[in-house]
Amino acid sequence: MQLQANIERPEEAARALAAGASGVGLFRTEFLFMNRRDLPGEDEQFEAYREAVAGMDGRPVTIRTLDVGADKSVPALRGSTPQNPALGQRAIRYCLAEPEVFLEQLRAILRASAFGSARLLLPMLAHSHEIDQALRLVELAREQLRKRGQSFDAAIAIGGMVEVPAAALTAGLFVRKLDFLSIGTNDLIQYTLAIDRSDHDVASLYEPFHPAVLRLIGMTIRTARKAGKPVAVCGEMAGDWAATHLLLGMGLTEFSMHPASLLRVKQEILRADTSRLAPRVTRLLAADDPLQVRALLARLVEDH
Ligand code: PEP
Ligand code: MG
């Protein structure tokens, strides 16, 4: 079982370590780009990533490439204002459209990988060609560093986030091309249920226990496990102890969450008998609606 931390700043790595995290499952790098007028250069990024990697003392640090757009606005990158920013040029879409910005970040992450155990995570993938393009750019960044004589971990693991239903439904293709998967439930819920995660008017419809969401999560975990590739959940659901039994029953062994949630989720994991959970969770996934899921889950946890 891996209990990892989500961090947004390099200095939070130390807090994660103190809270007992076995690694950083998600380092959101947007903080470096937000609340400023210019873009951080390669060296500034490198210093931040190196601090996080070194701060975790050899434990894995999963650095996510820039997830700009929608709820994460970056003044220096503001172009036209799209009608539907969550469906627009965000995250990997932006990075592939601006390869120089992306390459700068990739080089910085690769350079940091020489100082510990770093992993690289690509957000918001939906298409096979996005994975291919991103991997080509990682290779280009490696070549550029080799030419400069700068060291990096040549075997750095490269993973993809499953945040869009298309990614969950084609997880087989993702596990063939990537080293690991990380399920971002925050966006997966938003895109599966067509609910803007930042719109209060529809907040009551934002439902992590909707059977459609759960089936996509279950499908992704099953596919990754079958292929022998690591899979984590790094969205809010991983830190919600009410969902721990459910995720364990789906076969999840890697959870990444806010450090403050680690202890509570760990307690749930310690009192769970995963072999008994699996068949019951499979039945629960066939439920018709979230209410039924919650009722079945409550019963499951009670007599566990
Ligand atoms: C997610 O979508 O679940 C996720 C972890 O990414 P973010 O919340 O940063 O969009
Ligand atoms: Mg996301």
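# Crossings, pairs and a barrel

Reader: Why are α8 and α9 called oblique to each other?
Author: In this predicted model, helix α8 (residues 185-193) and helix α9 (residues 211-226) pack at an angle of about 130°. Angles under 35 degrees count as roughly parallel, over 145 as roughly antiparallel, 65 to 115 as roughly perpendicular, and the rest as oblique. The angle of about 130° is in none of the three named ranges, and α8 and α9 are therefore oblique. Their axes, lines fitted to C-alpha atoms over the stretch in contact, with angles from 0 to 180 degrees between N-to-C directions, are 10 Å apart. Residues are numbered from 1 along each chain as its sequence is written, and chains are lettered from A and ligands numbered from 1 in the order in which they are written. Local features need pLDDT of at least 70, side-chain atom pairs count only at pLDDT 80 or more, totals for chains, interfaces and linings use all residues, and side-chain values use heavy atoms, without hydrogens and water.

Reader: What makes up the contact of α8 with α9?
Author: Thr-185, Leu-188, Ile-189, Thr-192 and Leu-193 of α8 meet Ala-212, Val-213, Leu-216 and Ile-217 of α9, contact meaning heavy atoms within 4.5 Å. Ala, Val, Leu, Ile, Met, Phe, Trp, Tyr, Cys and Pro count as nonpolar, Asp, Glu, Lys and Arg as charged, and the others, Gly among them, as polar. The contact thus has seven nonpolar, two polar and no charged residues.

Reader: Why are α4 and α5 oblique to each other?
Author: Helix α4 (residues 99-112) and helix α5 (residues 128-148) cross at roughly 60°, their axes coming within 9 Å. That angle also lies outside the three named ranges, so α4 and α5 are oblique. The contact includes Phe-102, Leu-106 and Leu-110 of α4, and Leu-137, Ala-141 and Leu-145 of α5. By class it holds 11 nonpolar, one polar and four charged residues.

Reader: What is the handedness of the crossing of α2 and α4?
Author: The crossing of α2 and α4 is right-handed: the near helix is turned clockwise from the far one by less than a right angle, where anticlockwise would make it left-handed. Their axes come within 8 Å and cross at roughly 35°. Among the contact residues are Phe-46, Tyr-49 and Arg-50 of α2 and Arg-107, Ala-108 and Arg-111 of α4. The classes are six nonpolar, two polar and six charged.

Reader: What makes Phe-27 and Tyr-49 an edge-to-face pair?
Author: Rings of Phe, Tyr and Trp (its six-membered ring) pair if their centres lie within 6.5 Å; planes under 30 degrees apart are stacked, over 60 edge-to-face, and the rest tilted. The search of the whole structure finds three aromatic pairs. Phe-27 and Tyr-49 are 6.0 Å centre to centre, with 85° between the planes, hence edge-to-face. Phe-27 is in strand β2 and Tyr-49 in helix α2, 22 residues apart.

Reader: How do you know that β4 and β5 are paired?
Author: Pairing needs at least two DSSP bridges, and four join β4 (residues 117-122) to β5 (residues 157-162) in parallel. One partnership is Leu-120 with Ile-158 in β5. Helices (H or I, at least four residues) and strands (E, at least two) are DSSP runs, numbered from the N terminus.

Reader: In what order do the eight strands close into a barrel?
Author: The order is β1-β2-β3-β4-β5-β6-β7-β8, with parallel pairing. The twist averages 25° from one strand to the next.
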